[in-house]
There are 2 protein chains.
Amino acid sequence: MTIEAAGAGALLAILRHGEALTRTELMQLTGLARSTVSQRLDALLDHRWIMPAGDAISSGGRPAVAFTFNAGARVVLAADLGATHARLAVTDLATQVLAERSQDMAITEGPERVLEWLVQEFESLLRESGHTLSDICGVGIGLPGPVEHSTGQPVNPPIMPGWDGFDVPGWLEPRLGAPVLVDNDVNIMALGEHWAVSPEIGHMLFVKVGTGIGCGIITEHRLHRGAQGAAGDIGHVQVTTAPERVCRCGNIGCLEAVAGGAAIAEQLRAAGQDTADSRDAVALVRSGNPAAIQMIRQAGRDIGEVLASLVNFFNPGAIVIGGDLSDAGEHLLAGVRELIYSRSLPLATQHLTVRVRQLGDRAGVIGASVMVLEHVLSPTAVDRSVAGA
Amino acid sequence: MTIEAAGAGALLAILRHGEALTRTELMQLTGLARSTVSQRLDALLDHRWIMPAGDAISSGGRPAVAFTFNAGARVVLAADLGATHARLAVTDLATQVLAERSQDMAITEGPERVLEWLVQEFESLLRESGHTLSDICGVGIGLPGPVEHSTGQPVNPPIMPGWDGFDVPGWLEPRLGAPVLVDNDVNIMALGEHWAVSPEIGHMLFVKVGTGIGCGIITEHRLHRGAQGAAGDIGHVQVTTAPERVCRCGNIGCLEAVAGGAAIAEQLRAAGQDTADSRDAVALVRSGNPAAIQMIRQAGRDIGEVLASLVNFFNPGAIVIGGDLSDAGEHLLAGVRELIYSRSLPLATQHLTVRVRQLGDRAGVIGASVMVLEHVLSPTAVDRSVAGA
């Protein structure tokens, strides 16, 4: 264990999360000597992590220069890979999207073909945004299955043949020349919605209702991944609606087998509708089809049944519903709220917000960018990058 | 926000959690200058937070003195107040119990009478341990209901008439002359079992099965209290066993109404047994009564049904079952395990430990002591105490 005095990275963290500050203000804030502050600011300026703010502040004497975080210093590559679809983006260091695209892609083609394709798309997207590989400070990737975050390797992912244990960072880093961080797609969506929409909420649940159902957990403003990185797998919690229905996991009565997008599309097909997937189900709801509306409302109740327990257990400040089915809007949300408010304890629901995602399909890429920024802009990492030059 | 260099408190944290170290070893570990380390060690020695370790270490030249945390520098007062029973202790700064007692007490007598009694008991216990009020560095109290930890005030506690919103620290601090920290009893039991038995586990659930049922949540080695401090209230999660049974909360089918100690005692009475409370039920189980064994096993399954969902959601490394009913031993635990292993995902149960409490009735007072120590021995608090002298 090494304990270091407030270094350049700590100064950068202050400027990154706040407004522009002068040398004197930074001295007052940190208790550091003027010479120390100057030395650290010089190092950060050298590396372009900060820049002088637009207007110098004068208080009578020589005008004092204020410094601000330089969000344009580098860029981040972000990818949200689903089962059949991918969204890619180049962002700046404040998660602003500089270029993006959304394309069909089959995760079942295996890691090498998918990642080969990903590198080409990233290179083309970088050109589009006016950048090159030398500008990137990191790469963030979300995958549709369990991932061991510390190694970036998928762990027994059910819908990703060939990916089990594949070293994604080990394969990508030499090709892209920057650190690669990987997590499951629900976790990065939770990060994105938390960072961009609800940064003031300490404890938040993000529920993705797509083909399957999963949950990203924010506790004290950080992702809770659990002992094996498996936290948030609420799709296989048993609900009371259809206790006999067999789930793809082999168990019966799982939430996903009742309220997931695939289950709803199947139930609608059984009712004579031409629904291939969750998007078709949402389209039916939006067209006003009563059977579809009834089903989506019941799916909301089923999800709400599980969330009601989690509200008592976890006491979150906000629950955000995302995934394809969240586009069905109030019908799903109404069912979720109905069960939460009827089953959870008053103290825990008193100030609880239950809302649908606000970033739409972008939550994943923005969260992937946040994951990278929290890593490469951590005080320790910045101290190391500044010292290494 | 103030960022300070590694102060005396940081040095104390190193010595408190590790072995005795010399001045030179501390310099190497922290990167601080010799003069700075010496100055801080002197301040810690002055306040008796540290002391020279038994044997000086010689490497040829002048023998170097190693310093170690002085767990005997002060004492902590700890109380675990239940509905009808209290356990009190005086501990040293390493949570070793120096004196303790266990007594009947009715929480329903209201805060002033209970706390008046508590002060007298603490004073008598201090004398017994050979200490006085001037030796205490803090007081930790667990209460049998929801508590807003930041203010130490009970929040709508169902079985504590007169306590709602009562300022426990405000009443006790002038009388005891030290900071008073308050939390609910399940949280302090979780802290105690984590600190003393499973400190290596990052994410742990402690389930108290007494008259009622509650859960203490450890995430990244710290208590998770949730947005309103209401986290862990699993007693009112709905289970499938008796969906029509009315709970004291007004809802139906709650876990506590089915598997809590009061519910089991009542069911045994209905079956012709003379059981007043959960302890009587445990005695029946231990005497080999088949009806009681069957009921406790089913209670384990009901609790396991709720925990199976939480294992998927939270992915803990360990689950500890405590409270009176945990004394029924393997019968309860077997039911809990049965449901967890049949309903949770393999990835999440692969390395999961499910055990009964090891500290017995002492978990609460040891946890209350831990709560105080984490507060008064935090680096910031130590820096302040050392600077204030």
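**Exercise 1. Polar contacts between the chains**

Determine how many residue pairs are in polar contact across the interface of chain B and chain A, and describe which elements and residue classes make up the side of chain B that touches chain A.

*Solution.* Step 1: in this predicted model, the rule finds 28 residue pairs in polar contact across the interface of chain B and chain A, counting pairs in which both residues are at pLDDT 80 or more.

Step 2: the elements that each give two or more residues to the side of chain B that touches chain A are the helices H1 (8–17), H2 (23–30), H10 (290–314), H11 (330–343) and H12 (346–349), together with strand S12, of chain B. The largest share, five residues, comes from H10(B).

Step 3: sorted by class, the residues on this side of chain B divide into 26 nonpolar, 19 polar and five charged.

**Exercise 2. Extent of the chain interface and its salt bridges**

State how many residues of chain B are in contact with chain A, what area is buried between the two chains, and how many salt bridges cross the interface.

*Solution.* Step 1: on the side of chain B, 50 residues are in contact with 50 residues of chain A.

Step 2: the size of an interface is often expressed as the accessible area lost when the parts come together. For chain B and chain A, the buried area is about 4,200 Å², with carbon and sulfur atoms giving 58% of it.

Step 3: the rule finds two salt bridges across this interface. In a salt bridge formed by Arg222(B) and Glu220(A), the closest N and O atoms are 3.3 Å apart, which is within the 4 Å cut-off.

**Exercise 3. Domain 1 against domain 2 in chain A**

Establish how chain A is divided into domains, and then characterise the contact of domain 1 of chain A with domain 2 of chain A.

*Solution.* Step 1: the division of chain A gives domain 1 (8–69), domain 2 (75–189 + 364–387) and domain 3 (199–357). Between the C-alpha centres of domain 1 and domain 2 of chain A there are 32 Å.

Step 2: the contact involves 11 residues of domain 1 of chain A and nine residues of domain 2 of chain A. These two domains bury about 920 Å² between them, 68% of it on carbon and sulfur atoms. Of the area that domain 1 of chain A buries against domain 2, Gly9(A), Arg16(A) and Trp49(A) supply 52%, more than any other three residues.

Step 3: the rule finds one salt bridge across this domain interface, and five residue pairs in polar contact, both residues being at pLDDT 80 or more.

Step 4: helix H1 (8–17) and helix H3 (34–46) of chain A each supply at least two residues of the side of domain 1 that touches domain 2. H1(A) gives the most, with six residues, and by class this side has eight nonpolar, two polar and one charged residues.

**Exercise 4. Two positive phi angles in chain B**

Locate Thr95(B) and His221(B), and decide whether each is buried, partly exposed or exposed.

*Solution.* Step 1: most residues other than glycine have a negative phi. Thr95(B), which is not a glycine, nevertheless has a positive phi of about 65 degrees, and His221(B), also not a glycine, has a positive phi of about 70 degrees.

Step 2: Thr95(B) is found in the loop between strand S5 (85–91) and strand S6 (97–104) of chain B, whereas His221(B) is found in the loop between strand S12 (213–219) and strand S13 (222–223) of chain B.

Step 3: Thr95(B) counts as buried because its relative accessibility is 7%, under the 20% cut-off. His221(B), with a relative accessible area of 42%, is partly exposed.

Technical notes
Residues numbered from 1 in each chain as written. Chains lettered and ligands numbered in written order. Predicted model: local features only at pLDDT ≥ 70, side-chain atom pairs only at ≥ 80, totals over all residues. Heavy atoms only, no water. Helix = DSSP H or I, 4+ residues; strand = E, 2+ residues; numbered from the N terminus. Buried < 20%, exposed > 50% of the residue type's maximum accessible area, 1.4 Å probe, protein only. Domains from an automatic or database assignment. Contact = heavy atoms within 4.5 Å. Buried area = accessible area lost by both parts, 1.4 Å probe. Salt bridge = Lys/Arg side-chain N within 4 Å of Asp/Glu carboxyl O. Polar contact = N/O pair within 3.5 Å; in protein donor to acceptor, adjacent residues only side chain to side chain. Nonpolar A, V, L, I, M, F, W, Y, C, P; charged D, E, K, R; others polar.
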